[in-house]
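Open the model in your viewer and keep the sequence beside it. The walk below moves from charged pairs to aromatic rings, then to the core and the surface.

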Amino acid sequence: MGLLTGLLTAPMAPVRAVVWVAQRVVDKAHDEYYDPAPIWAALADLERRLERGEIDQATFDRTEDELLDRLDEIMQFRQRQP
């Protein structure tokens, strides 16, 4: 039965390959989107910019809140993963 199934489903091989590649792309995008390292780097850069006087306290506070919200979203996502 395996040979017959293989022969009958052979025309679907390109579709399966495309689906497999698409799933790998989605997995990679997910990994990058939910990586906390860029958020931590942005927070460190934000603090350096404040210390150098490149931004004011209000801008720092607003941007820091956005980055911390994003970090919280990442942590919640990672906790839901098995």
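Is Arg 24 buried, partly exposed or exposed? Its relative accessible area is 35%, so Arg 24 is partly exposed. Buried would need under 20%, and exposed over 50%. Keep in mind that this is a predicted model.

Arg 24 has a charged partner. It forms a salt bridge with Asp 27, and the closest N and O atoms are 3.4 Å apart. The cut-off for such a bridge is 4 Å. Both residues sit in helix 2, three residues apart, so about one helical turn separates them. Asp 27 is also partly exposed, because its relative accessible area is 30%.

Stay on helix 2, which covers residues 13-33. Here Glu 32 forms a salt bridge with Lys 28. Their closest N and O atoms are 3.8 Å apart. The two residues are four apart in helix 2, again about one turn of the helix. Lys 28 is partly exposed, with a relative accessible area of 49%. Glu 32 has 52% relative accessibility, so it counts as exposed. The dividing value here is 50%.

Now move to helix 4, which spans residues 57-80. Arg 70 is found in this helix. Glu 73 forms a salt bridge with Arg 70, with the closest N and O atoms 3.2 Å apart. These two lie three residues apart in helix 4, so they too are separated by about one helical turn. Glu 73 is partly exposed at a relative accessible area of 33%. What about Arg 70: is it buried or exposed? Arg 70 has 15% relative accessibility, so it counts as buried. Setting aside neighbours within four places in sequence, Arg 70 is in contact with Tyr 33, Tyr 34 and Ile 39.

The count for the whole structure is six salt bridges. There is also a network of salt bridges, which links Arg 49, Arg 52 and Glu 54.

Two of the contacts of Arg 70, Tyr 33 and Tyr 34, lead on to the aromatic rings. How many aromatic pairs does a search of the whole structure find? It finds two. In one of them, Tyr 33 and Tyr 34 meet edge-to-face. Their ring centres are 4.9 Å apart, and the angle between the planes is 90 degrees. Tyr 33 is partly exposed, because its relative accessibility is 44%. Tyr 34 is at 14%, so it counts as buried.

Tyr 34 also pairs with Phe 77. The ring centres are 3.7 Å apart and the planes are at 10 degrees, so this pair is stacked. The stacked class takes planes under 30 degrees apart. This pair links distant parts of the chain. Tyr 34 is in the loop between helix 2 and helix 3, Phe 77 is in helix 4, and 43 residues separate them. Both Tyr 34 and Phe 77 are buried. Taken together, Tyr 33, Tyr 34 and Phe 77 form one aromatic cluster.

Next comes the interior. In soluble globular proteins, nonpolar side chains tend to be buried together. The largest nonpolar core in this model has ten residues. Tyr 34 and Phe 77 are among them. The others are Ile 39, Leu 43, Leu 46, Ile 55, Phe 60, Leu 67, Leu 71 and Ile 74. Which elements give two or more residues to this core? They are helix 3 (37-52) and helix 4 (57-80). Helix 4 gives the largest share, five residues.

Leu 67 is a good place to look at this packing. Beyond residues up to four places away in sequence, Leu 67 touches Ile 39, Ala 42, Leu 43 and Leu 46. Of these, Ile 39, Leu 43 and Leu 46 are named in the core. Ile 39 is also a contact of Arg 70.

Finish on the outside. Which residues make a nonpolar surface patch of about 270 Å²? They are Met 12, Val 15 and Val 19. Val 19 is placed in helix 2. Its relative accessibility is 53%, so Val 19 counts as exposed.

Terms used:
Residues numbered from 1 in each chain as written. Predicted model: local features only at pLDDT ≥ 70, side-chain atom pairs only at ≥ 80, totals over all residues. Heavy atoms only, no water. Core = buried A, V, L, I, M, F, W, Y, C linked by side-chain atoms within 4.5 Å. Buried < 20%, exposed > 50% of the residue type's maximum accessible area, 1.4 Å probe, protein only. Contact = heavy atoms within 4.5 Å. Patch = residues over 30% accessible without salt bridge, like charges linked within 9 Å, V, L, I, M, F, W, Y side chains within 5 Å. Areas by Shrake-Rupley, 256 points an atom, 1.4 Å probe, with all protein chains shown as cover. Salt bridge = Lys/Arg side-chain N within 4 Å of Asp/Glu carboxyl O. Phe/Tyr/Trp six-rings, centres within 6.5 Å; stacked < 30°, edge-to-face > 60°.
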